[in-house]
Each structure stands twice: as structure tokens, then as C-alpha cells.
Amino acid sequence: MTDSTGRHTEFTTHSDGTATITINRPERLGAYTPRMCQEILDAVKRVRLDDDIRVLILTGTGRGFCTGGDISPDAGFDQHLSRQIGRARDLREDAHAVITALHTLDKPVVCGVNGIAVNGGLALALACDLRIVATSARLGNTSTKTGLLPDDGGAWLFPRTMGYDKAFRMVALSQMYDASTALELGLATEVVPDDQLMSRTREVAGELAAGPPLALRAIKFMMRRAMENTLDTSLGDAQQAVLWVGPSEDVQEGKAAFFERRAPKFKGR
């Protein structure tokens, strides 16, 4: 079922327990606007509240996945540039909120990078858990060419994904990478031919959706927290997660399926 929430995005649910947010601004290479950010936030909230949706897919259309904020005069982002407080509020309520919503969503997010992912668009992709990248796509950050900064979470996401030195080089020298180089740097999880992008992205998302929902949500929570916490804190998270997931019906089903040599049927409870 497809829900057109506006001309900037489309939201589609699938029978396999997945849902797709499609950025639909090919004429602007997927550049985001305040309107698009709100549509994505609404869709992520819908995914978070719907237990029938186990995995979210994020992708785009045309030659661009997302090129960051739309700086054209009619986009809506520059109306407060002359007022720093207004600009800060816009970032917090729009682009920053989207990055946070995707990063903290307690369900797996698979990004199908169909084209150019640059600046805030690359941060958007890195806020997802996995990135399936089309061969023709290019990824990088060119914000310094216009004297701007990686202000959409890039300063936090880039070094955690590719290491400080590589991230600094990419941002400071405004570098763009082809898909194979992006794979080597850790920006891409997997690279596939353009005509196989969505089928492979859907396949990966479907495999995740067929897994144990409670365990996957706990795994994402534990791993995200572990990136900032000490080992001792991470072990404490694991202890709590085991107490939550261990008594579930899914664990009993998984054990039974193992001994009966059949595929498990997880229900998320």
C-alpha cells in the first residue's frame, strides 16, 4: 500500500513486514526541505508505532539520493539565515530531527542509495543501519566548497563510520567517492548494479523482517549505545536485554525450530 504524503516523499508498506520511504525530488537530486523533513519524521513515527512494520527502507528517485539541504530561495531553509537563532531552530526541528529519528529508531533501517549522496544526504544514509549502494552512485562531502560545515550530523557520523583521518580528509578537501571506493571506506555496506538496487535492498530488508523482532531491536539498541559507552556499561545493557528478550515466545519458537530443523516463525512477543 502506498501513501503519498506530499510531492516530496512517498510512504509504502509491504506484506513482508517492511515499509519504504522514497524521497521523490529527482529534479533537485533529493535535496531536502522543511516539508520533506516533516514528512520523513511522520513516516518514521508511523513505523515506530506499528508493530507489523519490522524494518524500514529509505531510498530516493532519479540520479540523486539526497544532496543535503535545498539552498534554493524557494526551499524554505534560508528564510532565517540573517537570524542565527532562527537558523539554529530550523536545523534542530528539521534536518537534525530526521537524523536523530532514523538513528534512534528501534527497528532496522536499510538505505538503498540510488544516486548522489552528499553532505547532509550522506549523513542521512549513515544514520541508517545498512547501506546498499548502486554502482553509479557517488558519496562524499563538499560543504567546504561553499564555506559551510557538515552540520547535519556529519561531524559525528563520518568519523565513526570511516575513521577520523579519512573523515577529516573527505570534509576538509571536499572529496567525492565512487561506489567501490565508498565500500572500501566503510560508507557502503554493499554495492550492486543499478538495476538490482531495489530488489537487493528489499531482499536484505525482508531477511531482517523475517528475523526475531525483539532480538533485533535489542541488538540495535545495544550496539548503538556501545559506540559511546564503556565495556562495563555495554555489558550492563546486555544483561538487561537478555532479561527482556530471554523469556519471549520468540526464543521458545527459535529453539523449537532449531531442534525440529525448520524455519522459525517469529511474532515479536
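In which helix does His103 lie? His103 is found in helix α3, and this helix is a convenient place to begin a walk through the structure, which is a predicted model.

Before looking at that helix in detail, it helps to have the whole protein in view. The secondary structure consists of 11 helices and 11 strands, and 46% of the 269 residues count as buried. If one takes the contacts between residues at least 6 apart in sequence, 68% of these contacts join residues at least 24 apart.

Helix α3 covers residues 95-104, and it is mostly covered, with 7 of its 10 residues buried. The buried residues of α3 are Ala95, Ala97, Val98, Ile99, Ala101, Leu102 and His103. His103 has a relative accessible area of 16%, and it counts as buried because this value is under the cut-off of 20%. When residues up to four places away in sequence are not counted, His103 touches Ala127, Trp156, Lys220 and Arg224. With Arg224 there is also a polar contact, in which the two side chains are joined at 3.4 Å.

What does helix α3 pack against? Two packed helices are described by the angle between their axes and the distance between the axes. For helix α1, residues 34-49, and helix α3, the axes come within 9 Å and cross at roughly 25°. Since angles under 35 degrees count as roughly parallel, α1 and α3 are therefore roughly parallel to each other, and their crossing is left-handed. On the side of α1 the residues that meet α3 are Cys37, Ile40, Leu41 and Val44, while α3 brings Ala95, Ala97, Val98, Ala101 and Leu102 to the meeting. Sorted by class, the residues of this contact are 9 nonpolar, no polar and no charged. An α-helix has 3.6 residues a turn, so residues three or four places apart point the same way. With that in mind, the reader can look again at Cys37, Ile40, Leu41 and Val44 along α1, where they meet α3.

A second pair of helices can be described in the same terms. The axes of helix α5, residues 154-162, and helix α6, residues 164-172, come within 7 Å and cross at roughly 130°. That angle makes α5 oblique to α6, and the crossing of these two helices is right-handed. Helix α5 makes the contact through Phe158, Pro159 and Met162, and helix α6 through Tyr164, Lys166, Ala167, Met170 and Val171. By class, this contact of α5 with α6 holds 7 nonpolar, no polar and 1 charged residues.

From this pair one can move to Asn141, whose place is in the loop between β9 (138-140) and α5. Is Asn141 buried or exposed? Its relative accessibility is 1%, and for this reason Asn141 counts as buried. Leaving aside neighbours within four places in sequence, Asn141 is in contact with Val118, Asn119, Pro150, Phe158, Met170, Val171, Ser174, Gln175 and Met176. Among them, Phe158 belongs to the part of α5 that contacts α6, and Met170 and Val171 belong to the part of α6 that contacts α5. The side chain of Asn141 also makes a polar contact of 2.7 Å with the side chain of Ser143. Finally, Asn141 and Gly154 are 13 residues apart in sequence, and in space they are 8.8 Å apart from C-alpha to C-alpha.

Notes: Residues numbered from 1 in each chain as written. Predicted model: local features only at pLDDT ≥ 70, side-chain atom pairs only at ≥ 80, totals over all residues. Heavy atoms only, no water. Axes fitted to C-alpha atoms, helices over the stretch in contact; angles between N-to-C directions. Helix = DSSP H or I, 4+ residues; strand = E, 2+ residues; numbered from the N terminus. Parallel < 35°, antiparallel > 145°, perpendicular 65-115°, else oblique. Left-handed = near helix turned anticlockwise from the far one by under 90°. Contact = heavy atoms within 4.5 Å. Nonpolar A, V, L, I, M, F, W, Y, C, P; charged D, E, K, R; others polar. Buried < 20%, exposed > 50% of the residue type's maximum accessible area, 1.4 Å probe, protein only. Polar contact = N/O pair within 3.5 Å; in protein donor to acceptor, adjacent residues only side chain to side chain.
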